[in-house]
Every structure is written in structure tokens, then in C-alpha cells.
Amino acid sequence: MNEASSISGIFWHNSPVVIITSRREDEINGQVAVTLVTSSIVHTVPRLLIGIWKGNHTHGFIMKSRNLVVHLLKKDQTPLVRNFGFYSGREKQKFTGIDHSQGKNGCPVLGGVHSYVECSVLNAMDGGDMTAFLVSSDYGEIVRGGNWMTLADFYALAPEEWVIEYGQKLMESVNFSMPIIHKIDHEAFQP
Ligand SMILES: Cc1cc2nc3c(=O)[nH]c(=O)nc-3n(C[C@H](O)[C@H](O)[C@H](O)COP(=O)(O)O)c2cc1C
């Protein structure tokens, strides 16, 4: 039996849940993501690899500005996951009533998080329905520190109706992905 998808799912389950914010001219937006890994062995040159689904409004912001902020969350911040991960910035201004300031790279920095790191895009690779961004981690601060929220924590802590709602949203996203997931553009990214 081929268990490739279960094994790949292990990486998902234990991933930190992050909020990625970006700015495009005078507009700001942000989304939740779990597809993010460390990608530098050089401590003084920190980098991350971040997968962003093309259907997300935030994708266009990152493509245009080449700047973003990654926030690790505390376990008491599940409402932020709902705010940034269940709705699109096309339908909702997600920063209304949310504590935030402007980072050094111009992108929004959320308050009360575990930590955040401001990043700039070094390179990108097309993945059909998503783009994998290699980013430089330029400036960061530990805000509250301690334990951060993983996807397993989110599923354990969120109300059941949120988990059901997210499952339905995920199914809609899969429908968007299926026709384009294998249509990978192998042209090199232009920095
Ligand atoms: C728990 C959770 C995990 C998610 N993980 C990802 C992810 O890894 N990559 C991604 O592109 N979207 C992910 N999403 C979906 C986006 O956050 C969601 O589609 C969001 O509404 C996009 O907002 P936008 O259209 O304003 O950019 C996740 C959402 C949730 C709730």
C-alpha cells in the first residue's frame, strides 16, 4: 500500500501555525499557513521556504512587494487563525480591531504573538497551484515566547464547528488546485 500522503501529512500535523502578512502599496493583508520550513544551515544567514497557495489574496501581495512577515502564534490565539485563515482579504478587511504596527519592511506586524520575523523574497519556484518562496529572514523579535501553536494544537483547541468549517474550506481549495496542480511553469523566477 502506498502511504506517501500519510507520511507527507506528518510534516503538516506538527508544523507551527503561522500568520503571514504582506503589503502591496497602501493595502495590507495576511493569511494563515503551515507550509513553512527552515532552509539554511548557516546560522548567520537565516532563511525559510514558504509555500503559498495561488488562490490566496496574500499570494499577489508577496509576488508584487517581495516582502512579508511570518508570525508564530501562542496557543491562546486560535481566534486569530480564524480571522486570517478562514476568510479572504478580498471579502474582509482582516486588520480591523487587530493590534498591529508597521514593520521595518513596511508589512504589518501583529501584537501579542509568540514571535515574528520580517522576510524578503530571494527566489521562487512555481508549484502549479502554489508558489514556494525562498526568503531571507532579515529582522525578528521574540514577543511573548514560550510554546507556539502547531496545527495539531489548533485542531485540539479550536471549537468543533471551526474545524468542520475549515474542512469544508479545504475541500473547496482542493477543487481549485486539482486542475492546475500539475501545470508547473519551469521558467526561472525574475528577482
Ligand atoms: C489552519 C490553517 C492552515 C492553513 N495553511 C495554509 C498553508 O499552509 N498555505 C496556504 O497557502 N494557505 C493555508 N491556509 C489557508 C489560508 O490561510 C486561507 O485560504 C486564507 O483565507 C487566505 O486569505 P487571503 O485570501 O486573504 O490571502 C490555512 C488556513 C488554516 C485555517
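Helices, of at least four residues, and strands, of at least two, are DSSP runs numbered from the N terminus. With that naming in hand, welcome to a set of close-up views of a predicted model.

**View 1. The whole chain, before we zoom in.** Five helices and nine strands make up the secondary structure of this chain. Following the sequence from start to end, you will meet them in the pattern α-β-β-β-β-α-β-α-β-β-β-β-α-α. A compact globule of 191 residues would have a radius of gyration near 16 Å, and the chain agrees, because its own value is 16 Å. Along the principal axes, the C-alpha atoms fill a box of roughly 45 × 45 × 35 Å. Buried residues account for 28% of the 191 residues. Take the contacts between residues at least 6 apart in sequence: 69% of them join residues at least 24 apart.

**View 2. The R66 loop, on the way into β5.** R66 sits in the loop between α2 and β5. Its phi is near 60°, a positive value in a residue that is not glycine. Most residues other than glycine have a negative phi. R66 counts as partly exposed because 17 other C-beta atoms lie within 10 Å, and that class falls between the limits of 12 or fewer for exposed and 20 or more for buried.

**View 3. Strand β5, covered on both faces.** The strand that follows this loop spans residues 67–72, and six of its six residues are buried, so β5 is largely enclosed by the rest of the structure. In a regular strand, side chains alternate between the two faces of the sheet. Here N67, V69 and H71 are buried on one side, while L68, V70 and L72 are buried on the other. Which strands pair with β5? Strand β1 (residues 18–24) is joined to β5 by four bridges, and the two run antiparallel. Strand β8 (residues 115–126) is joined to β5 by six bridges, again in an antiparallel arrangement. To find your way across these strands, look for V69, which stands opposite E118 in β8 and also opposite T21 of β1.

**View 4. I19 and the nonpolar core.** The largest nonpolar core contains 32 residues. Which residues have the most contacts inside this core? They are V18, I19, L68 and V70. I19 makes a good place to pause, and its bridge partner in β5 is H71. Setting aside neighbours within four places in sequence, I19 is in contact with G30, V32, H71, L73, L80, F84 and L110.

**View 5. The β1–β2 hairpin and its turn.** Six of the seven residues of β1 are buried, leaving the strand mostly covered. Seven bridges tie β1 to β2, and these strands run antiparallel. One pair to look for is S22 with its bridge partner N29 in β2. The two strands form a hairpin with two residues between them. E25 lies in the loop between β1 and β2, and its phi is positive, about 50°, although E25 is not a glycine. Is E25 buried or exposed? E25 counts as exposed because it has 9 C-beta neighbours inside 10 Å.

**View 6. The shell around the ligand.** The ligand has 22 residues around it, and W53, T58, G85, S88 and G89 come nearest. The elements giving two or more residues to this shell are β2 (27–33), β4 (47–53), α2 (57–65), α3 (78–85) and α4 (151–157). Which element gives the most? That is β2, the partner of β1 in the hairpin, which supplies four residues to the shell. By residue type, the shell divides into twelve nonpolar, ten polar and no charged residues.

**View 7. E165 on helix α5.** Our last stop is helix α5 (residues 160–177), where E165 has its place. E165 is partly exposed because 14 other C-beta atoms lie within 10 Å. To relate this view to the hairpin, find S22 again: its C-alpha atom and that of E165 are separated by 25 Å, and the two residues are 143 residues apart along the chain.

Methods: Residues are numbered from 1 along each chain as its sequence is written. This is a predicted model: local features need pLDDT of at least 70, side-chain atom pairs count only at pLDDT 80 or more; totals for chains, interfaces and linings use all residues. A residue is near a molecule or strand if its C-beta atom, placed from the backbone, lies within 6 Å of it. Ala, Val, Leu, Ile, Met, Phe, Trp, Tyr, Cys and Pro count as nonpolar, Asp, Glu, Lys and Arg as charged, and the others, Gly among them, as polar. Two strands pair if DSSP finds at least two bridges between them. A nonpolar core is a set of buried Ala, Val, Leu, Ile, Met, Phe, Trp, Tyr and Cys residues joined through C-beta atoms within 7 Å. Two residues are in contact if their C-beta atoms, placed from the backbone, lie within 7 Å. The radius of gyration is taken over C-alpha atoms; the globule rule is 2.2 Å times the number of residues to the power 0.38.
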